[in-house]
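Got your viewer open and a selection box ready? Follow along, one selection at a time.

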Amino acid sequence: AFTSYKDGKPDIYLRDFVTEKTEKITSYPGLNLPGSWSRDSAKLLVTVSRDGNQEIYDMTVGTKLLQRLTREFSIDVSPVRSPDEKRIAFVSNRNGSPQIYVMDADGGNVRRLTLEGNYNTSPAWSPKGKMIAYEGSVNGQFQIFIIGEEGGVPQQLTFARGDHESPTWSPDGRYLAYSMRGNG
């Protein structure tokens with residue numbers, strides 16, 4: 001799943017690597033961004049702004065049926081499922097700045113996870129679901145952090161100059177990969 005502007009606006013497409021076919025699955029006005037898949041590949045978390053602002057939906061891919069999960073007049077983006085698929089981590093600015101939040105898979109029990117820092121984004125669940133990695137702004141540059149699934153004190157993992165972004169866990173949960181931009 002990916003977003004493309006090939007028709008002039010950000011729409012979500014699916015690419016089947018077996019059949020080599022690409023299909024547009026959302027074309028709502030405004031933003032259309034894919035999130036994470038369910039384990040059985042039947043559902044895809046998406047962010048669309050069809051109702052006026054960015055909200056998170058769980059899409060049944062076969063029918064394109066959307067189940068709305070967030071209902072805030074704020075930006076709700078970057079949804080990612082926990083490994084057990086019982087919770088979703090996402091980014092929202094509902095308290096003024098982008099922060100990591102966690103909610104139940106049905107959209108209930110929303111709570112703010114990151115309480116430190118003024119710009120936290122790109123959540124990634126660890127394979128066992130006990131930790132969430134994310135990028136947070138420190139002195140105008142993004143660094144990689146981890147925090148427990150229930151919150152607590154975040155641990156900063158990167159300190160070098162430049163932006164450290166888009167963390168992802170190795171399958172065994174021992175390593176984090178991320179992209180780095182800076183120093184030319």
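Ground rule for ribbons: helices (H or I, at least four residues) and strands (E, at least two) are DSSP runs, numbered from the N terminus. By that rule the protein chain has 0 helices and 17 strands. Its radius of gyration is 16 Å, close to the 16 Å that the globule rule gives for 184 residues, so the chain is as compact as a globular protein of that length. That radius is taken over C-alpha atoms, and the globule rule is 2.2 Å times the number of residues to the power 0.38.

Some housekeeping before you click further. This is a predicted model, where local features need pLDDT of at least 70 and side-chain atom pairs count only at pLDDT 80 or more, while totals for chains, interfaces and linings use all residues. Residues are numbered from 1 along each chain as its sequence is written, and side-chain values use heavy atoms, with hydrogens and water left out.

**Stop 1: the whole chain**

Select everything. Taken along the principal axes, the C-alpha atoms fill a box of roughly 45 × 40 × 30 Å. Now switch on the surface: about 9800 Å² of the chain is accessible, and 50% of that belongs to carbon and sulfur atoms. Those areas come from the Shrake-Rupley method with a 1.4 Å probe, and for residues only the protein chains shown count as cover.

Colour by burial next. Buried means under 20% relative accessible area, exposed over 50%, and partly exposed in between (1.4 Å probe, protein chains only). Of the 184 residues, 44% are buried. As for contacts (heavy atoms within 4.5 Å), take the pairs at least 6 apart in sequence: 25% of them join residues at least 24 apart.

**Stop 2: the largest pocket**

Which residues lie nearest the centre of the largest pocket? Select Pro 79, Val 80, Pro 123, Ala 124 and Pro 167, which belong to a lining of 13 residues. The space inside is about 220 Å³.

Since you'll want the recipe: on a 1 Å grid over the protein atoms alone, a cavity is a set of points where a 1.4 Å probe fits but cannot get out, and a pocket is an open set with protein on both sides within 12 Å along at least five of seven lines; lining residues have an atom within 4 Å of a point. Grid points are joined across faces, edges and corners, and the volume is the space filled by probe spheres set on the points.

Add β4 (32-37), β8 (76-81), β12 (120-125) and β16 (163-169) to the selection, as each supplies at least two lining residues. β12 gives the most, with 4 residues. By chemistry, the lining splits into 8 nonpolar, 5 polar and no charged residues. Here Ala, Val, Leu, Ile, Met, Phe, Trp, Tyr, Cys and Pro count as nonpolar, Asp, Glu, Lys and Arg as charged, and the others, Gly among them, as polar.

**Stop 3: Pro 79**

Zoom in on Pro 79, in strand β8. Pro 79 is buried, at 5% relative accessibility. Not counting residues up to four places away in sequence, Pro 79 touches a list including Leu 45, Val 46, Ile 56, Ile 88 and Phe 90. Try a C-alpha to C-alpha distance from Pro 79 to Asp 58: they are 21 residues apart in sequence and 9.5 Å apart in space.

**Stop 4: two serines with positive phi**

Pick Ser 122, in strand β12. Its phi is positive, about 60°, although Ser 122 is not a glycine. Ser 122 is partly exposed at 21% relative accessibility.

Then hop to Ser 166, in strand β16. Ser 166 also isn't a glycine, yet has a positive phi of about 55°. Its relative accessible area is 47%, so Ser 166 is partly exposed.

**Stop 5: Ile 100**

Buried or exposed: how does Ile 100 count? Select this residue of strand β10 (residues 99-104) and you'll find it buried, at 0% relative accessibility. Beyond four places in sequence, Ile 100 touches residues including Phe 90, Leu 113, Ser 122, Pro 123 and Tyr 134.

**Stop 6: two loop residues**

Ser 126 sits in the loop between β12 and β13 (131-138). Ser 126 is buried, with a relative accessible area of 6%. Leaving aside neighbours within four places, Ser 126 contacts Pro 83, Met 131 and Trp 169.

Finish at Asp 51, in the loop between β5 (43-48) and β6 (55-60). Asp 51 is partly exposed, at 41% relative accessibility. With neighbours within four places in sequence left aside, its contacts are Tyr 57 and Arg 68.
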